[in-house]
Amino acid sequence: MPQKHTVLKGAALLTAAGLIGRIIGFFYRIFLSRAIGAEGLGIYQLIFPLYALSFSLTVSGIQTTISRFVSAKTASGDRGGARRIFHIGMALSLALSLRVSFLLLHFHGFLAENFVKEPRSSELLRLLAYAVPFGSLHACINGYYYGLKQAKIPAISEILEHLVRLGSVVLLCRIWTEKGIAVTPAIAVYSIILEEFFAALFSATALTIHFAAQPPLPKPVHSTAHYAGELLMISVPLTLNRVLVNVLQSIEALLIPLQLRLSGLTASSALSVYGVLTGMALPLILFPSALTSSLCTMLLPVISEAQACGKLSAITAAIRKLCLSCLALGLVCFLGFFFLGDFAGNLLFNNELAGSFIRALAWICPLMYLNPALFAILNGLGKTSQVLVHNLTGVAIRIAFIVFAIPVFGISGFFAGMLINQLVTFLLAVRSIRKSLAEAV
């Protein structure tokens, strides 16, 4: 199958899996909210910043690095090196995940009291520790398949995750109810453990079959130490990027309601505005990004492979197609959200403020969908340190506007910060890509 068709098929599979997963997740949310109530659901949501931070620390950067090097090594004929990179990355990720699990098991009470600020989340954090290693294994295997430009197994495992999560929470709820056990938010964390376990089991089984069907591997071109050095050189900046951005985004989320109060809103009104922004308007604006993220995931190894083979024309062609696709989607979404934002806010959320926020955020759509693609291109070219700098610059701009503009202009200051952030990071990313391509000539 031609490479173009392989990438498009992979992107279509990932997009379909993402949409199916979101639909299943919708029913999961409905059932869970009825099973544990609004307060229980709120306690459950409090653990996710730590869950995201755990993922950033243990596997997010390593997964991207595995994908990049598996693609590049396979293209250059070093299939043994590609397999060695995968094994090193998986071993490193599992070691980190076991360490994070140990910390969660032994300091869950401290984290609940001092970080989450909710003592009732302590037990949830303790249970979450058991899901981290399975999630790391699953992500590393997905990274290997992305490097081969094969999206079938990752797509199936994503759907499996959502099905297991929904099915397990329904089954556990029924069992607990029959036995007279109170249904608490812990039931949702048990479902996370089960979904990660079965997704990892499915992916590991599929990979074992894949390896068994492959012809004998040639001896790796370089030593294990060389491959480990290559992997660390790329994965460390990526991991640092994800961790720092995750931490700063948590700070950003905490600052918005506080600064809204300084603009003259009451505490209740500030939280309501924040809820409409993050719970209604932004999720709708970001929904189309399922397509662009799938394209980015599948095209990253294509760019890495073309770079390894010295095919500058293939790199520029891939960049052009990706950017035009994301820009076209952004322009269509801008028109739709701008002219239909008020209607969508009332229809979906029965909230006029949500409609006005959707219209305000519509202006950011073209750059909001294009910038992740530019960052994916830089990652594919191995410029992970530059991606880190650009991301940190963007978050710093948003925080600056939250601190200084929101108290004066209200929530409009946040929208201005979002627009300036997207524009600055766009210009920085374009400059870095042009410089990288010029160096490759």
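1. Cysteine 323 is buried, having a relative accessible area of 15%; buried denotes under 20% relative accessible area, exposed over 50%, and partly exposed in between (1.4 Å probe, protein chains only). Cysteine 323 takes part in no disulfide, and the nearest cysteine sulfur, that of cysteine 326, lies 6.8 Å away. A disulfide is here a pair of cysteine sulfur atoms within 2.5 Å.

2. This is a predicted model, in which local features need pLDDT of at least 70 and side-chain atom pairs count only at pLDDT 80 or more, while totals for chains, interfaces and linings use all residues. Residues are numbered from 1 along each chain as its sequence is written, and side-chain values use heavy atoms, with hydrogens and water left out.

3. The search of the whole structure returns zero disulfides. Cysteine 333 is likewise in no disulfide, its nearest cysteine sulfur being that of cysteine 365, 5.7 Å away. Cysteine 333 counts as buried, at 11% relative accessibility.

4. The largest nonpolar core (buried Ala, Val, Leu, Ile, Met, Phe, Trp, Tyr and Cys residues joined through side-chain atoms within 4.5 Å) has 35 residues, and Phe337 and Phe414 have the most contacts inside it. Elements giving two or more residues to this core include α8 (224-262), α11 (312-349) and α16 (411-440). Helices are DSSP runs (H or I, at least four residues), as are strands (E, at least two), numbered from the N terminus. The largest share, eight residues, comes from α9.

5. Beyond its neighbours within four places in sequence, phenylalanine 414 is in contact (heavy atoms within 4.5 Å) with Glu252, Ile256, Leu277, Ile402 and Ile406. A second, separate core of 30 residues includes Tyr28, Tyr51, Ala129 and Val169.
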